[in-house]
Amino acid sequence: MNVGLQKLCFLIVKAREFDAKVEPSDLDEGSNPSDDGMRAVLEDSADDPTLAELKDAIDGLDDDEVVDVIALVWLGRGDFSANEWAEAQALARERHTARSADYLIGIPNLGDCLEEGAAQLGFSCEEFEINRL
């Protein structure tokens, strides 16, 4: 893999944080966060810092690393098997564009797909995730 395990694990953690977001439910902007049980932290918004962190992390990868991330997602989703890793990378390289970060962020279970893809190749983020989730 071209993407380092630490970078990949960071992406998985950030993707899981983003995946946990829900549609805003409280339209009363004058409400008190402590009265609302701090639910706003889990609500998705256009200026969400979790989204910004995830997008920045993906945008900070070089082309070869992004290609691997895309291929790992496809592995984790079942589009390819571990034996087809080279084919997944080749197709990801063909399809990689400047909008790849948006494509990846748009995948609803991005963190799970990445983790499953990494596991199929024998990589684990268990040590990295301790005290981070």
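Is Cys113 buried or exposed? In this predicted model, Cys113 has a relative accessible area of 3%. Because buried residues are those under 20% relative accessible area, Cys113 is classed as buried.

Two further cysteines, Cys9 and Cys125, are likewise buried, and these residues are joined by a disulfide with an S to S distance of 2.0 Å. The structure holds one disulfide. The link of Cys9 and Cys125 is left-handed, with -85° about the S-S bond. Distant parts of the chain are connected in this way: Cys9 belongs to helix H1 (residues 5–19), whereas Cys125 is placed in the loop between helix H6 (110–120) and helix H7 (126–129), and the two cysteines are 116 residues apart.

Charged side chains provide a second set of contacts. In general, side chains of opposite charge can pair when their charged atoms come close. The count of salt bridges in the model comes to ten. One of these is formed by Lys7 and Glu65, with the closest N and O atoms 2.8 Å apart. This pair also links distant parts of the chain, with Lys7 in helix H1 and Glu65 in helix H3 (residues 63–77), 58 residues apart. Helix H1 thus carries Cys9 of the disulfide as well as Lys7 of this salt bridge. The two partners fall into separate classes of accessibility: Lys7, at 40% relative accessibility, counts as partly exposed, while Glu65 is buried, with a relative accessible area of 8%.

Helix H3 takes part in another salt bridge through Asp64, which pairs with Arg93 at a distance of 3.0 Å between the closest N and O atoms. Asp64 lies in helix H3 and Arg93 in helix H4 (residues 85–95), so the pair ties together parts that are 29 residues apart in sequence. Both partners are partly exposed: the relative accessibility of Asp64 is 35%, and the relative accessible area of Arg93 is 43%.

A salt bridge is also formed between Asp102 and Arg99, where the closest N and O atoms are 3.3 Å apart. Asp102 is partly exposed, having a relative accessible area of 33%. Arg99 has a relative accessibility of 57%; because the exposed class covers values over 50%, Arg99 counts as exposed. The pairing of Asp102 with Arg99 does not stand alone, as salt bridges that share partners join Lys55, Asp59, Arg99 and Asp102 into one network.

Note on methods. Residues numbered from 1 in each chain as written. Predicted model: local features only at pLDDT ≥ 70, side-chain atom pairs only at ≥ 80, totals over all residues. Heavy atoms only, no water. Disulfide = S-S within 2.5 Å. Helix = DSSP H or I, 4+ residues; strand = E, 2+ residues; numbered from the N terminus. Buried < 20%, exposed > 50% of the residue type's maximum accessible area, 1.4 Å probe, protein only. Salt bridge = Lys/Arg side-chain N within 4 Å of Asp/Glu carboxyl O.
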